[in-house]
Amino acid sequence: MESGPAVFAGVVFALFGGGLLVWTAACVRHREPVAHGVSPVASATLATLAALVTLALAAWCFTRL
């Protein structure tokens, strides 16, 4: 019963991180801005880093099972 919150948090982090990574890749591929008013390279780098951090958090949550 204690693994329920870890599974839920892991799934939420995995979905958010995966979605952010796919969205960032789609924006970069179509040469659209990831964030308006910010350098394209900086915003793509920051969004990719945030996606990788959330995917790492998802992996950490899944190791807590």
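Here is a short walk through the structure above, from its two helices to the loop between them and on to a patch at the surface. Please keep in mind along the way that this is a predicted model.

Let us begin with the pair of helices. Helix H1 covers residues 3-29, and helix H2 covers residues 40-63. Their axes come within 8 Å of each other and cross at roughly 155°. That angle makes H1 roughly antiparallel to H2, because an angle over 145 degrees counts as roughly antiparallel. As for the hand of the crossing, H1 passes H2 in a left-handed one.

A few residue pairs help to show how the chain comes back alongside itself. Take Ala 6, which sits in helix H1. Ala 6 and Cys 61 are 55 residues apart along the chain, yet their C-alpha atoms are separated by 5.4 Å. Is Ala 6 buried or exposed? Its relative accessibility is 15%, so Ala 6 counts as buried; the cut-off for that label is under 20%.

Further along helix H1 you will meet Val 11. Between Val 11 and Ala 59 there are 9.4 Å from C-alpha to C-alpha, with 48 residues separating the two along the chain. Ala 59 belongs to helix H2, so this pair links a residue of H1 with a residue of H2. Both residues have intermediate accessibility values: Val 11 is partly exposed at 37%, and Ala 59 is partly exposed at 41%. Partly exposed is the label for values between the 20% limit for buried and the 50% limit for exposed.

Ala 59 also offers a useful contrast in the other direction. Arg 29 is 30 residues from Ala 59 in sequence, but the two C-alpha atoms lie 27 Å apart in space.

Now follow the chain out of H1 into the loop between H1 and H2, where you will find His 30 and Arg 31. His 30 is exposed, with a relative accessible area of 54%. Its C-alpha atom lies 14 Å from that of Val 41, a residue eleven positions away in sequence. Arg 31 is exposed as well, with a relative accessible area of 78%. The backbone of Arg 31 deserves a look too: phi is near 55°, a positive value in a residue other than glycine.

Finally, turn to the surface. Which residues form a nonpolar patch there? They are Val 7, Val 11, Leu 15, Phe 62 and Leu 65, and together they have about 450 Å² of accessible area. Helix H1 gives the most to this patch, with three residues. One of the patch members is Val 11, the partly exposed residue we met earlier. Another is Leu 15, which also has its place in helix H1. At 62% relative accessibility, Leu 15 counts as exposed, because the value is over the 50% cut-off.

Technical notes
Residues numbered from 1 in each chain as written. Predicted model: local features only at pLDDT ≥ 70, side-chain atom pairs only at ≥ 80, totals over all residues. Heavy atoms only, no water. Patch = residues over 30% accessible without salt bridge, like charges linked within 9 Å, V, L, I, M, F, W, Y side chains within 5 Å. Areas by Shrake-Rupley, 256 points an atom, 1.4 Å probe, with all protein chains shown as cover. Salt bridge = Lys/Arg side-chain N within 4 Å of Asp/Glu carboxyl O. Helix = DSSP H or I, 4+ residues; strand = E, 2+ residues; numbered from the N terminus. Buried < 20%, exposed > 50% of the residue type's maximum accessible area, 1.4 Å probe, protein only. Axes fitted to C-alpha atoms, helices over the stretch in contact; angles between N-to-C directions. Parallel < 35°, antiparallel > 145°, perpendicular 65-115°, else oblique. Left-handed = near helix turned anticlockwise from the far one by under 90°.
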